[in-house]
Protein chains: 2
Amino acid sequence: MLDAVADLLLEAGYDGLTIDAVAARSGVHRTTVYRRWRDTGGLLADALDAAREVPWEPPDTGSLAGDLTEINRQIVAALTEEPSITAALIAASFRSPAAAAALRSFWEDRYAIAAIVVERVAPGVPARPVLLASCAPVFYELVLLRGPAPGDELAERYARLAAASVSRSGAAP
Amino acid sequence: MLDAVADLLLEAGYDGLTIDAVAARSGVHRTTVYRRWRDTGGLLADALDAAREVPWEPPDTGSLAGDLTEINRQIVAALTEEPSITAALIAASFRSPAAAAALRSFWEDRYAIAAIVVERVAPGVPARPVLLASCAPVFYELVLLRGPAPGDELAERYARLAAASVSRSGAAP
């Protein structure tokens, strides 16, 4: 069922993601789909919750800039693969409050897990702002500015800026 | 006419922004609206181009962190005012390629003007990445994570991180 949601979202966007289409694609009776999810926002939210169950290990390259670059590379890859389920979910989040809430939970979950990359080099420095300073420009450039995908260069540029801001605060190299 | 576009976008979102509704609201004949803009994406793009014509002066507070904080405060204000035309335009940009292109031009224009705040304290440091490192987390927190609006705290946090990364590079205080 969740595969059917992902397929439809990629093929036809949020407009093509109807309960009927999900039922037809997945072979599950539409009454069952309706009873379980009520609307497409609920379907999207469930699909994202399923993605959260997939274990994710933060990188450990030996340096903060290296770890942040690796995380940014994963974000660049997720946003620029063709088709991108992440990009489709972000677009859908502007139509479905349930999808928006699920996307937020998914990201906050990932930032909580990733906090260790800041904490192990800079104990006492709040990790989340550093992670967001590194990751947010990648989302902004690719999702909101819809820039050409400059790949690794983009990933590394903002990782280095964020890492430099931590070193500067004197907490750790 | 452009006021009618803004009003409709705020009232009913992109779905409510039809050529017919714009014609009715603005009192311009629908044939004229069709001939001039063809579709709602064109209307949105024109509305944004009009916004670009409004002169904007980058802040000059005496410090890079201060200037970046002031820019971020303006972004927080634009995104959290009720209703927010900026937030509505961002949502619409996921439905209309013309609106997305116009939004991108508007922002790139602003970053080009704002480059002076980096250049006057750190000549030789590329300004755009520093501006984006400061501004992008504000967009990400408010637009994509849809966080509660923490106002000035959010504006200052990322401005200081971005400013610290410049000082760290040794270019200038």
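Is Tyr140(B) buried or exposed? In this predicted model, Tyr140(B) is buried, at 1% relative accessibility. The cut-off for burial is under 20% relative accessible area. The ring of Tyr140(B) takes part in contacts with chain A, described next.

Over all chains, 9 aromatic pairs are counted. One of them is formed by Trp107(A) and Tyr140(B). Their ring centres are 5.4 Å apart, and the planes meet at 50 degrees. This geometry is classed as tilted. Trp107(A) belongs to helix α7 of chain A, residues 97-119. Tyr140(B) belongs to helix α8 of chain B, residues 127-144. The pair therefore joins two chains. Trp107(A) is buried as well, with a relative accessible area of 5%.

A second pair lies within chain B. Here the rings of Trp107(B) and Phe139(B) have centres 5.0 Å apart. Their planes stand at 70 degrees, so the pair is edge-to-face. Trp107(B) sits in helix α7 of chain B, residues 97-119, and Phe139(B) in helix α8 of chain B. The two residues are 32 residues apart, and their pairing links distant parts of the chain. Both partners fall under the burial cut-off: Trp107(B) has 5% relative accessibility, and Phe139(B) has 3%.

The tilted pair is also part of a wider group. Trp107(A), Tyr111(A), Phe139(A) and Tyr140(B) form one aromatic cluster. Three residues of chain A and one of chain B thus appear in its list.

Arginine side chains also meet aromatic rings across the two chains. Arg146(A) lies over the face of Phe94(B), 4.6 Å from the ring centre. With the chains exchanged, Arg146(B) lies over the face of Phe94(A), at 4.7 Å from the ring centre.

The cysteines give a negative result. The count of disulfides over all chains is 0. A disulfide is a covalent bond between the sulfur atoms of two cysteines. What is the closest cysteine sulfur to that of Cys135(A)? The closest one belongs to Cys135(B), at 17 Å, which is too far for a bond. The cut-off for a disulfide is a sulfur pair within 2.5 Å. Seen from the other chain, the closest cysteine sulfur to Cys135(B) is that of Cys135(A), again at 17 Å and too far for a bond. Both cysteines are nevertheless buried: Cys135(A) has 0% relative accessibility, and Cys135(B) has 1%.

Methods. Residues numbered from 1 in each chain as written. Chains lettered and ligands numbered in written order. Predicted model: local features only at pLDDT ≥ 70, side-chain atom pairs only at ≥ 80, totals over all residues. Heavy atoms only, no water. Buried < 20%, exposed > 50% of the residue type's maximum accessible area, 1.4 Å probe, protein only. Phe/Tyr/Trp six-rings, centres within 6.5 Å; stacked < 30°, edge-to-face > 60°. Helix = DSSP H or I, 4+ residues; strand = E, 2+ residues; numbered from the N terminus. Lys NZ or Arg CZ within 6 Å of the ring centre and 35° of its normal.
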